[in-house]
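Reader: I would like to go through the cysteines of a model. Please show me how to read them.

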Amino acid sequence: SRGPVTPRETLKAHGGGGGGCSAIAARAGHIYTVGADGMGKVLEGRSLTQVRQARLCDQPLTSLVTVDGPGGALALAGSFDSSVHAFGMNGPLGSFEAHDDAVTALAVGRGAPGGAWLATASWDCCVRLWSLQDTRGLFSSPGTGGGFLEASSKMLADFCDHDSPVWSLGAAADGATVFSGTESGSAYRWDPRVPGPAVWHTQACQWGLVALQSLGVAGEKLFLAASDGTLQLLDLRGGSAASLATANCGSMVKTAAADRPENPTSAVAACKDGGLVRWELDSLKMHPPLIVNPCDANSLCFAPALHWDLAVLCGHEDGSLVCLAQPVGRVQRRGREVLAQHVRSALRLLDQHRDGAQAPKRSRGVAVGGSAQVRAQSRGAADGGAARLQMCPDTALAGEVAINMGLPQRALK
């Protein structure tokens, strides 16, 4: 809703065929990818140059999440070999056998008795939760092939009441809810704090749920994407699932994601024909497909932490990774210029209007000592309104200056 998303970079990340670039994640300025070639890779987010790669297994990798690990971020990848593999900037950490069949989806959260947890889904119709309190204790060393018995002591819950293989997973931001979607189109809600039957389940559609994402801090809404191209938004408040909106992409969907899970504005679906379809969640407007690569688009990731205002990363069947960026708009650029102008003006006025207080000192360009409130008008503000700058006593750092302008909040970031 803030402007067009346009392709910026395309690179060959993995071998083509059989899944290509199958999953993507972004964390702390780096991009992590896994592919059907069994490789895990780490890219530098600004330049998109590869900084690390590792062969994790001889089977296709299917899914990916990132967590905090010993010595930095860790990427966890699900695989056709029924295991979860871990790797990072220092290479492979190890793996453990999580299911009796291929691991199809992963999710992470907090809220279970064991603290941080990893949820794994599989074609064996089960979702399992694993403790991440000790990642080194969960993952066996590379090459040793950690079995299920070795890892079972770290298992927190085993949800095996699904009616068919599980295709997708999601977790609420507060970690108190796990969602799963199946091949038959059923959606389930689980409580990781109380292992047992599903809190509820619903027949969301007649096609497989390829993507499922919890929206809101406590999982108040649920975004679903089905393989037939149907997108749904469900309201979960009140203990049931009420449909808020439905849309269709006009093409088979491989995966989908919302931009900001806690406060989403739009969702993007990656289609079999290589197109990306954007659905605005406030106006419910569907945008025409953007074809960034005619090859199947089978993985998707929003990366707001990169150097662009908002980046969308899309992986394709031919192994390519396409980075699309939503540029900073004119109003946003003008808002930043106005912000800088107000700060400079306010600092001058603080020196002139001390109200009898001791003359403020300057430290790194920021006025300190005493308190003041200054109002300044500017035609450059988006609504022609005012800016207010407040400084607390003994403020010494620029980060402690509070500014409230008549501009959209995102324009100040």
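Author: Start with burial: Cys126 has a relative accessible area of 8% and is buried. Buried means under 20% relative accessible area, exposed over 50%, and partly exposed in between, with a 1.4 Å probe and protein chains only. The model is predicted, so local features need pLDDT of at least 70 and side-chain atom pairs count only at pLDDT 80 or more, while totals for chains, interfaces and linings use all residues. Residues are numbered from 1 along each chain as its sequence is written, and side-chain values use heavy atoms, leaving out hydrogens and water.

Reader: Which residue does Cys126 join in a disulfide?

Author: A disulfide is a pair of cysteine sulfur atoms within 2.5 Å. Here Cys126 is joined to Cys160, S to S 2.3 Å, and the link is right-handed, with 115 degrees about the S-S bond. Cys126 lies in the loop between strands S11 (115-122) and S12 (127-131), and Cys160 in the loop between strands S13 (155-159) and S14 (166-171), so the disulfide ties together parts 34 residues apart in sequence. Strands are DSSP runs (E, at least two residues), numbered from the N terminus.

Reader: Is Cys160 buried or partly exposed?

Author: Cys160 is partly exposed, at a relative accessible area of 34%.

Reader: How far from Cys271 is the nearest cysteine sulfur?

Author: That sulfur belongs to Cys249 and is 4.8 Å away; Cys271 is in no disulfide. Cys271 is buried, at 2% relative accessibility.

Reader: What is the case for Cys314?

Author: Cys314 is in no disulfide either, and the nearest cysteine sulfur, that of Cys21, is 8.6 Å away. Cys314 is buried, at 0% relative accessibility.

Technical notes:
Helices (H or I, at least four residues) and strands (E, at least two) are DSSP runs, numbered from the N terminus.
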